[in-house]
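Please work through the exercises below with the sequence and the coordinates open beside you. Each one sets a task and is followed by a solution in steps.

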Amino acid sequence: MSSQSLPWIIAVVAILVAVVVGISAMNQPAALPATGTTEDARELLVHLQSDIAVALEAVDGRLSHAASDLGGTGLNDTAARGVLLNLSDVHPAIVDSTVSDAGGTLLAAEPAAYHDAEGADLRHQPNVRHILASKRPIMSEVITVAEGIPAAVISTPIFTGEDRFAGFVSVVFRPEVLIAGIAGPATNGTPFQVMVIQPDGRVLYDTDAAQVGRMTLDDPLYADYPDLLDVARRTATERYGTAVYGFEVDGEAVRKEIVWTTTGLHGVEWRVAVIRAVE
């Protein structure tokens, strides 16, 4: 190796290292200051709103591909079950994937642990009535699904090659798992709490897992805190905002600031909130 070529090799290696470092940084959650200011909370909120929307859209996109495949394979054969199994592996939040006919009967569910749900009549679910009538994609709020658990459902219509509506394909998923994969890394090392709720007040995700599933507008836990109830009502009706409220933690009164905005899919809204303690 000549001494003249050595500087070029060093330069190329340096460029490759820089590229690898850059790609690695892109795959890491954005680092936020740990000072806990309102500006920091709003910056975090923007990231969360965007990242949750991207995650929902990614699942929805894979669902659309599955609907296209099922339109060509039929709804309840070996090939169809293969499509459902692949769909169930798209995200850890997905419980199972199902296909239903044009009358709202669940024909197939995968993985096999949910075969017992097959044959269920889903027409009592508002989201199913909607897709049967509109033939358009939809995401439900958290409901008790045919699998017997509280979960949300994203559904997409299936059309045959002759454009005949044949039914719909769905993913049943746990919002708290989907959100945790985003909010957990984003808040690690920060003083912020994250909460995501439906407009009806149901907590879909909270940094404190014990809060998940609570109905903030009706839960007796919050009855003695009018400031908190007022904030809950505001988040139910206002798509974004900021408020300060009082609460009690281990017998000690604290004040917190909440900033919130809205994300979601197919017209269904989730309020995303970042909360911090204030003096």
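**Exercise 1: Strand 7 and its partners**

Strand 7 and strand 11 run antiparallel and are joined by 5 bridges. The model is a predicted one, and this holds for each exercise here.

Task: Describe how strand 7 is paired and covered, and determine which way its side chains point.

Solution. Begin with the pairing to strand 11, where Val272 is the bridge partner of Val196. Turn next to strand 8 (residues 203-206), which pairs with strand 7 in the antiparallel sense over 3 bridges, with Ile197 standing opposite Val203 of strand 8. In the hairpin that these two strands form, 5 residues lie between the strands, and Gly201 takes a positive phi near 95°. Then consider the cover: strand 7 spans residues 193-197, and 5 of its 5 residues are buried. For the last step, recall that in a regular strand the side chains alternate between the two faces of the sheet. In strand 7, Gln193, Met195 and Ile197 point one way while Val194 and Val196 point the other way, and all are buried.

**Exercise 2: An aromatic pair**

Task: Classify the aromatic pair formed by Phe173 and Trp270, and locate both residues along the chain.

Solution. The structure holds 2 aromatic pairs. One of them is formed by Phe173 and Trp270, whose ring centres are 6.5 Å apart and whose planes make an angle of 40°. Planes under 30 degrees apart would count as stacked and those over 60 as edge-to-face, so the pair of Phe173 and Trp270 is classed as tilted. As to location, the pair links distant parts of the chain, with Phe173 in strand 6 (residues 165-173) and Trp270 in strand 11 (residues 268-278), 97 residues apart. Both Phe173 and Trp270 are buried; for Phe173 this follows because its relative accessible area is 3%, and buried means under 20%. A further spatial relation concerns Val153, which is 20 residues from Phe173 along the chain, with 6.3 Å between the C-alpha atoms of the two residues.

**Exercise 3: Charged side chains**

Task: Establish what the side chain of Asp40 contacts, and where Lys135 lies relative to Phe165.

Solution. Start with Asp40, which lies in helix 2 (residues 38-73). Asp40 is buried yet has no salt bridge, and the nearest side chain of opposite charge, that of Arg276, is 8.1 Å away. The side chain of Asp40 does, however, make a polar contact of 3.1 Å with the side chain of Thr37. Finally, Lys135 lies over the face of Phe165, at 4.9 Å from the ring centre.

Definitions and conventions:
Residues numbered from 1 in each chain as written. Predicted model: local features only at pLDDT ≥ 70, side-chain atom pairs only at ≥ 80, totals over all residues. Heavy atoms only, no water. Helix = DSSP H or I, 4+ residues; strand = E, 2+ residues; numbered from the N terminus. Buried < 20%, exposed > 50% of the residue type's maximum accessible area, 1.4 Å probe, protein only. Lys, Arg positive; Asp, Glu negative; His and termini not counted. Salt bridge = Lys/Arg side-chain N within 4 Å of Asp/Glu carboxyl O. Polar contact = N/O pair within 3.5 Å; in protein donor to acceptor, adjacent residues only side chain to side chain. Phe/Tyr/Trp six-rings, centres within 6.5 Å; stacked < 30°, edge-to-face > 60°. Lys NZ or Arg CZ within 6 Å of the ring centre and 35° of its normal. Pairing = 2+ DSSP bridges.
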